[in-house]
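Hi there,

Here is the structure I promised to pass on to you. Have a look at it first, and then read on for what turned up.

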Amino acid sequence: MRKVVVGAAQMGPNQKTDTREAIVTRMVALLDQATDGGADLVVYPELALTTFFPRWYHEDRAAADGWFETEVPNAATQPLFDRGKERNVAISFGYAEKTPEGRHFNTSILVDKDGTIVGKYRKVHLPGHVEYEPESSHQRLEKRYFEPGDIGFPAWRTMGGIFGMAICNDRRWPETYRVLGLQAVEMVLIGYNTPSQNQRPGTEGADKRLFHHRLSVQAGAYQNSTWAVAVAKAGVEDGHHLIGGTLIVNPHGEIVAEAKTERDELLIHECDLDETAFGKATIFDFGRHRRVEHYGLIASQGPAIPPPEAAESESVLDRSFDELKHGYSHTLGV
Ligand code: ING
């Protein structure tokens, strides 16, 4: 048994006017509640220190820099680091990172029980757009304010297991979990801020969003035989609603805990990392079952490319094995 007691610390809304200090005070209260409940690890949401500011358009991109941290820990977050060390608990949280070179990332870190930052992840899959979309009722400007992550999907050994991180939109992409799965990951920590309104009203509401959220996290956990802890910032921020649905999913893809509110809410669950072993040794024994020679398109092709229109007389049997083997992009010479 390699038990890690996880505290999934869902946060309610952060308003534009909330100070970092006031937000960190809430985070410390959640940490206290978690450690009172025996937690070894507390997981917080994406962009935990601010409102979800990519909903706001700034013509001058530098005007958004106030939402970014130039270093962590810093004065605002030191109380959280101090409390974690004092209470001997690991923490993970997301924030907007501005590097000394002036680059901008949507970042999360993993801090071990003695306050050392043992892992950093920068969000790879950035949804939305760069420019203001006048036709959209809601702006999604992550591509304006952040660069795609430049450190891939690393996994780290800590707390007696193998941990990885992902952020929000990443959880919708199977590649995220598989790259971590190929590092034998045993627990994936995922913070998210997911709006319930779409840019084009009426296409899908909170219920569909929650369904896709659960589906994505459960699938990723099951298909890589790993625990997954997905933690929301939820509720109405500056008039804009974010879904809740904080989840802990076991390596069999089962939801073992789920938040009921859209406020600060803590889930606690005792996770046995050894529960990942069965799937990794049987149905998802990657070494025994995966056939990488057929997966080339996944890492070599960005967009979907449909097969060519078949000529009248042509049958698939007329295509060379080479064409079939390499997929249609080879045929199209792209
Ligand atoms: N938010 C959303 C997410 O992927 C989104 C963006 C919402 C995409 C709904 C698709 C549908 O959960 C972030 N921050 O990535």
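How many nonpolar, polar and charged residues are in the shell around the ligand? The shell has three nonpolar, three polar and six charged residues. Before going further, please keep in mind that this is a predicted model.

**The ligand**

The residues surrounding the ligand are E46, F52, K123, P127, E142, C168, N169, R171, R172, N193, T194 and R209. For three of them I can give you a distance to the ligand. E46 has a polar side-chain atom 3.3 Å from a ligand nitrogen. With N169 the ligand atom is an oxygen, and a polar atom of the side chain lies 2.7 Å from it. R172 also has a polar side-chain atom by a ligand oxygen, at 2.9 Å. As for cover, the ligand taken alone exposes 360 Å², and the protein buries 87% of that.

**A strand hairpin**

Next, please turn to strand β6, residues 155-158. In a regular strand, side chains alternate between the two faces of the sheet. In β6 they do alternate: W156 and T158 point to one face and are buried. A155 and R157 point to the other face and are not buried.

Strand β7, residues 161-167, pairs with β6 in the antiparallel sense, over four bridges. One residue you have already met, R157, has I162 of β7 as its bridge partner. The hairpin of β6 and β7 has two residues between the strands, and M159 in this hairpin takes a positive phi near 50 degrees.

**Aromatic pairs**

How many aromatic pairs does a search of the whole structure find? It finds 10. Here are two of them, followed by a cluster.

In the pair of F93 and Y95, the ring centres are 5.8 Å apart and the planes are at 45 degrees, so this pair counts as tilted. Both F93 and Y95 are buried.

The pair of Y222 and F284 is edge-to-face, with 5.0 Å from centre to centre and 85 degrees between the planes. Y222 lies in helix α5 (residues 206-223), while F284 is in the loop between α6 (277-281) and α7 (286-289), so the pair ties together parts that are 62 residues apart in sequence. Are these two residues buried or partly exposed? Y222 is partly exposed, because its relative accessible area is 36%. F284 is buried, because its value is 17%, which is under the 20% cut-off.

Ring pairs also link F53, W67, F68, Y145 and F146 into a cluster.

**Two more residues to look up**

Helix α5, the one with Y222, also holds S216. S216 is buried, since its relative accessible area is 15%. A polar atom of the S216 side chain lies 2.7 Å from the backbone oxygen of H212.

Finally, find Y57 in the loop between β2 (41-43) and α2 (78-86). Y57 is partly exposed, with a relative accessible area of 32%. If you would like to compare sequence with space, try Y57 and G235: they are 178 residues apart in sequence and 21 Å apart in space, C-alpha to C-alpha.

Enjoy exploring the model!

Best wishes

Note on methods
Residues are numbered from 1 along each chain as its sequence is written. This is a predicted model: local features need pLDDT of at least 70, side-chain atom pairs count only at pLDDT 80 or more; totals for chains, interfaces and linings use all residues. Side-chain values use heavy atoms; hydrogens and water are left out. A residue is near a molecule or strand if one of its heavy atoms lies within 4 Å of it. A polar contact is a pair of N or O atoms within 3.5 Å; within protein, one must be able to donate a hydrogen and the other to accept it, and residues adjacent in sequence count only if both atoms are side-chain atoms. Accessible areas come from the Shrake-Rupley method with a 1.4 Å probe; for residues, only the protein chains shown count as cover. Ala, Val, Leu, Ile, Met, Phe, Trp, Tyr, Cys and Pro count as nonpolar, Asp, Glu, Lys and Arg as charged, and the others, Gly among them, as polar. Buried means under 20% relative accessible area, exposed over 50%, partly exposed in between (1.4 Å probe, protein chains only). Two strands pair if DSSP finds at least two bridges between them. Rings of Phe, Tyr and Trp (its six-membered ring) pair if their centres lie within 6.5 Å; planes under 30 degrees apart count as stacked, over 60 as edge-to-face and the rest as tilted.
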